[in-house]
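Here is a short briefing on the structure below. It is grouped by topic.

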Amino acid sequence: MHDDFSNKVTESIIRLLDYCKKNDWAGYDPFDGLNSKIFALIPFHKNKLPRLFFIQFMKRFPVNLRHVLLVPKEQNPKGLALFASALIRLSEVGLLDNSDIIHSVLKKLIESRTQNSKFYCWGYNFDWQNRRFFLPKFSPNIICTTFAANALLDFYEKSKKPEHLDMAVSAGHFLLSGLNTTRDDSGICFSYTPFDYGQVHNTNLLGAAFLARLYSITGEKSFLDFALQAVKFSVSRQSADGSWPYGEHKSQRWVDNFHTGYNLVALKKFSKYTGNQDFLDIIKKGYQFYKDNFFINNCIPKYYHNRVYPIDIHSISQSIITPIEMMAIDKDAIQLSKSVCIWAIKNMQSKTGYFFYQKKRYYKNRIPYMRWSQAWMLYALSILAQALYSEGFISSR
């Protein structure tokens with residue numbers, strides 16, 4: 001049984017990796033609508049409401065119109081970061097023969113940094129409009145930056161080349177000095193970008209986990225101090241049932257799968273990097289809510305805690321990652337990851353290797369988004385492969 005499962009995972013990784021390499025890690029994104037050269041010709045294309053409508057239309061429409069509307073396939077910095085981290089893991093378990101690919105993707109990642117900042121930081125490769133503000137392409141944000149810097153740390157821990165640590169440290173100082181912070185008696189919350197004051201828990205906790213990792217390597221106390229204060233802010237907002245809302249604004253009160261997974265994994269990593277076990281009960285409570293509310297038949301991840309559809313590939317990938325990270329507190333956790341993985345390979349992977357975007361009630365959206373779908377699934381499968389390797393079910397080739 002274990003050998004059969006491991007073979008399925010290995011074969012899935014090889015097919016997905018082949019697809020990504022053939023496309024040079026580039027593709028479309030659910031939110032890249034404003035990259036359309038056709039939309040740029042429309043009157044009022046710089047207004048908030050037309051931007052919001054067009055982004056949501058492109059995201060939700062099940063037929064991919066991007067080639068018609070002249071949206072180019074591009075490499076996304078967060079996608080490159082996920083690919084780089086995944087490739088490093090796959091090389092460690094013998095599923096990547098050519099290490100030159102890691103150097104190539106890391107080079108692309110470093111070159112994609114935001115150019116007009118004194119810090120190493122990263123942003124998305126598309127203009128982005130949400131309900132609250134507009135963000136020009138490559139404007140730095142905490143999500144892209146933490147994933148990119150963590151990929152650099154992954155490589156630094158493998159190669160010990162100081163330049164990669166230096167870049168990651170610079171990214172840490174971007175969080176401390178380049179973002180806005182909300183402060184109250186409970187702690188601090190990092191903003192999503194330098195241009196807003198939003199209070200979003202997954203971004204805050206991901207930032208805290210990254211700073212804790214930097215502290216564990218450098219011993220720089222300011223990283224630890226900020227990380228601890230950020231954790232205190234977000235754990236104080238955990239609901240009585242163990243859940244977290246996406247954010248603190250009245251329009252951000254939903255509870256979803258993958259952002260909850262982000263929170264739990266970030267808290268677990270903060271504890272690992274700092275040795276601080278004060279938040280273990282918070283993690284256990286949140287993980288129990290996660291297991292009880294986000295899965296059908298212990299294998300199909302729901303998007304929201306209170307409804308099933310859409311079954312989204314990002315929720316699937318995070319539902320492979322989160323239980324693995326919780327194995328220290330749940331001896332059966334990896335079984336959940338395995339069940340999700342098998343369902344995803346059977347129901348969401350195409351014959352050519354890429355993974356579909358979403359499954360609706362009556363149809364599948366088969367658009368092969370590169371960052372949202374392929375990068376996340378390769379990253380999730382690489383983490384699962386590491387877990388199987390440590391159990392002896394994948395042998396180094």
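Helix α6 is mostly covered, with 12 of its 17 residues buried. The model is predicted. The notes below start with this helix, then turn to a hairpin and a surface patch.

**Helix α6**
- The helix runs over residues 162-178.
- At 1.5 Å a residue, its 17 residues should span 24 Å, and the end C-alpha atoms are 23 Å apart, so expectation and model agree.
- The buried set in α6 includes the nonpolar side chains Leu165, Met167, Val169, Phe174, Leu175 and Leu176.
- His164, Ala168, Ser170, Ala171, Gly172 and Gly178 are also buried in α6.
- The buried residues of α6 pack against four helices: α4 (100-111), α5 (142-159), α7 (201-218) and α8 (221-235).
- They also pack against strand β4.

**Hairpin β3-β4**
- Strand β4 covers residues 187-190 and pairs with β3, residues 181-184.
- The pairing is antiparallel and runs over four bridges.
- Two residues sit between the strands of this hairpin.
- Across the pair, Ile188 in β4 stands opposite Arg183.

**Nonpolar surface patch**
- Phe53, Phe57, Phe61 and Val63 make a nonpolar patch on the surface.
- The patch amounts to about 370 Å².
- Phe61 lies in the loop between α2 (48-60) and α3 (77-92).
- Is Phe61 buried or exposed? Its relative accessible area is 32%, so Phe61 counts as partly exposed, since buried means under 20% and exposed over 50%.

Key. Residues are numbered from 1 along each chain as its sequence is written. This is a predicted model: local features need pLDDT of at least 70, side-chain atom pairs count only at pLDDT 80 or more; totals for chains, interfaces and linings use all residues. Side-chain values use heavy atoms; hydrogens and water are left out. Two strands pair if DSSP finds at least two bridges between them. Patches are made of residues with over 30% relative accessible area and no salt bridge: like charges are joined within 9 Å, nonpolar side chains (Val, Leu, Ile, Met, Phe, Trp, Tyr) within 5 Å. Accessible areas come from the Shrake-Rupley method with a 1.4 Å probe; for residues, only the protein chains shown count as cover. A salt bridge is a side-chain nitrogen of Lys or Arg within 4 Å of a carboxyl oxygen of Asp or Glu. Buried means under 20% relative accessible area, exposed over 50%, partly exposed in between (1.4 Å probe, protein chains only). The expected span of a helix is 1.5 Å times one less than its number of residues. Contact means heavy atoms within 4.5 Å.
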